[in-house]
Amino acid sequence: MNSVLTYDTLYTLPLWQSMRSITLEEMSAVKLMNRLDTKYVLTEEEAMTLLDSAAAQGYRIQVIGDIRAARYSTLYYDTSEREMYISHHNRVLTRQKIRTRHYADTADTFLEVKNKSNRGRTTKRRITIPRDLFATIHTSSEACDFLGKESRYDISTLSAALSTRFVRITIVNPRLTERVTIDLSLRYEDVRSGCSAEVEGMAIVEVKQDGNTASEIKSILRDMRVMPFRVSKYCLGTALTVEGIKRNRLQLKLRDIEKRLGYGMVHIYRA
């Protein structure tokens, strides 16, 4: 099954050419590596309505060259028992995720460590790595040194767990104090079993701020009657693709997502 929107059809939208842009260099002022995140689940059509309303409020869209929708590949690492997933599932407040991320349109690849504090604050540390280390971080002394400083887990216990692919639109508010990402066409694969999955027609919106400040985008979402929804792409993808894993809380979230989408369907493909 295909999502309602595709990478190519995004570029046929009238808004695409009319929305004011911001370059990647200008966006460097809005990195927000230490921030508060608020997530929402929307239909893809609602996401486009949100983008239209945001443009009217002066939000600008990130452009890299002539690219306004960036293609991402992410590989999450975890222990053999998937301790990072289980911690998140069990609502452990202080937790960590380790991943590599490749930006197809810029050819940049990073190794990242994300920490969530017991106050809900997200901090991220990352280093640039060569593309060929995307799935083989254990072979790099630099990557091992970085994880030795930043990871709570011994690198010898980590291996590739879940692959995700998606298209991301990034917008920023006029004051350059808030960044909003809209993720579309999400695909998941458990690299240990080969099982893959997608949720058709879903968009995940994340509002990233350095504090609880006024937000036009949150006001727009309230007017659309879309409420915050805690969801992790890693946990959602793991629950969908890993047979026998603990998922009772994720099952409830998945039902809520399908209700939210109305027509949304989960598609799972067994290897």
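This report describes a helix, a strand hairpin, a group of aromatic rings and one loop residue in a predicted model.

**Helix α3**

Helix α3 covers residues 44–56, 13 residues in total. From its first C-alpha to its last the helix reaches 19 Å, close to the 18 Å expected at 1.5 Å a residue. The buried residues of α3 are Glu-44, Glu-46, Ala-47, Met-48, Leu-50, Leu-51 and Ala-54. After the helix comes Gly-58, which has a positive phi near 95 degrees.

**The β6–β7 hairpin**

Strand β6 (residues 108–116) and strand β7 (residues 121–128) run antiparallel and are joined by seven bridges. Within this pairing, Glu-112 has Arg-126 in β7 as its bridge partner. The two strands, β6 and β7, form a hairpin with four residues between them. In the turn, Gly-120 adopts a positive phi of about 80 degrees.

**Aromatic rings and the charges over them**

The model contains four aromatic pairs. One of these is formed by Tyr-72 and Phe-166, whose rings are stacked, with 5.1 Å centre to centre and 25 degrees between the planes. The pair links distant parts of the chain, as Tyr-72 belongs to strand β4 (residues 70–78) and Phe-166 to strand β8 (residues 159–172), 94 residues apart.

Tyr-72 counts as buried because its relative accessibility is 9%, below the 20% cut-off. Phe-166 is likewise buried, because its relative accessible area is 3%, also under 20%. Tyr-72 and Phe-166 belong to one aromatic cluster together with Tyr-103 and Phe-110.

Each ring of the stacked pair Tyr-72 and Phe-166 also appears in the table below, which lists the charged side-chain ends that sit over the ring of Tyr-72 and the ring of Phe-166.

| Charged residue | Ring beneath the charged end | Distance from ring centre |
|---|---|---|
| Arg-168 | Tyr-72 | 4.9 Å |
| Lys-233 | Phe-166 | 5.3 Å |

**Leu-176 in the loop after β8**

Strand β8, which holds Phe-166, is connected to β9 (178–190) by a loop that contains Leu-176. Leu-176 counts as partly exposed because its relative accessibility is 30%, and this class lies between the limits of 20% and 50%. Leu-176 and Glu-26 are 150 residues apart along the chain, and their C-alpha atoms are separated by 9.3 Å.

Methods. Residues numbered from 1 in each chain as written. Predicted model: local features only at pLDDT ≥ 70, side-chain atom pairs only at ≥ 80, totals over all residues. Heavy atoms only, no water. Expected span 1.5 Å × (residues − 1). Buried < 20%, exposed > 50% of the residue type's maximum accessible area, 1.4 Å probe, protein only. Pairing = 2+ DSSP bridges. Phe/Tyr/Trp six-rings, centres within 6.5 Å; stacked < 30°, edge-to-face > 60°. Lys NZ or Arg CZ within 6 Å of the ring centre and 35° of its normal.
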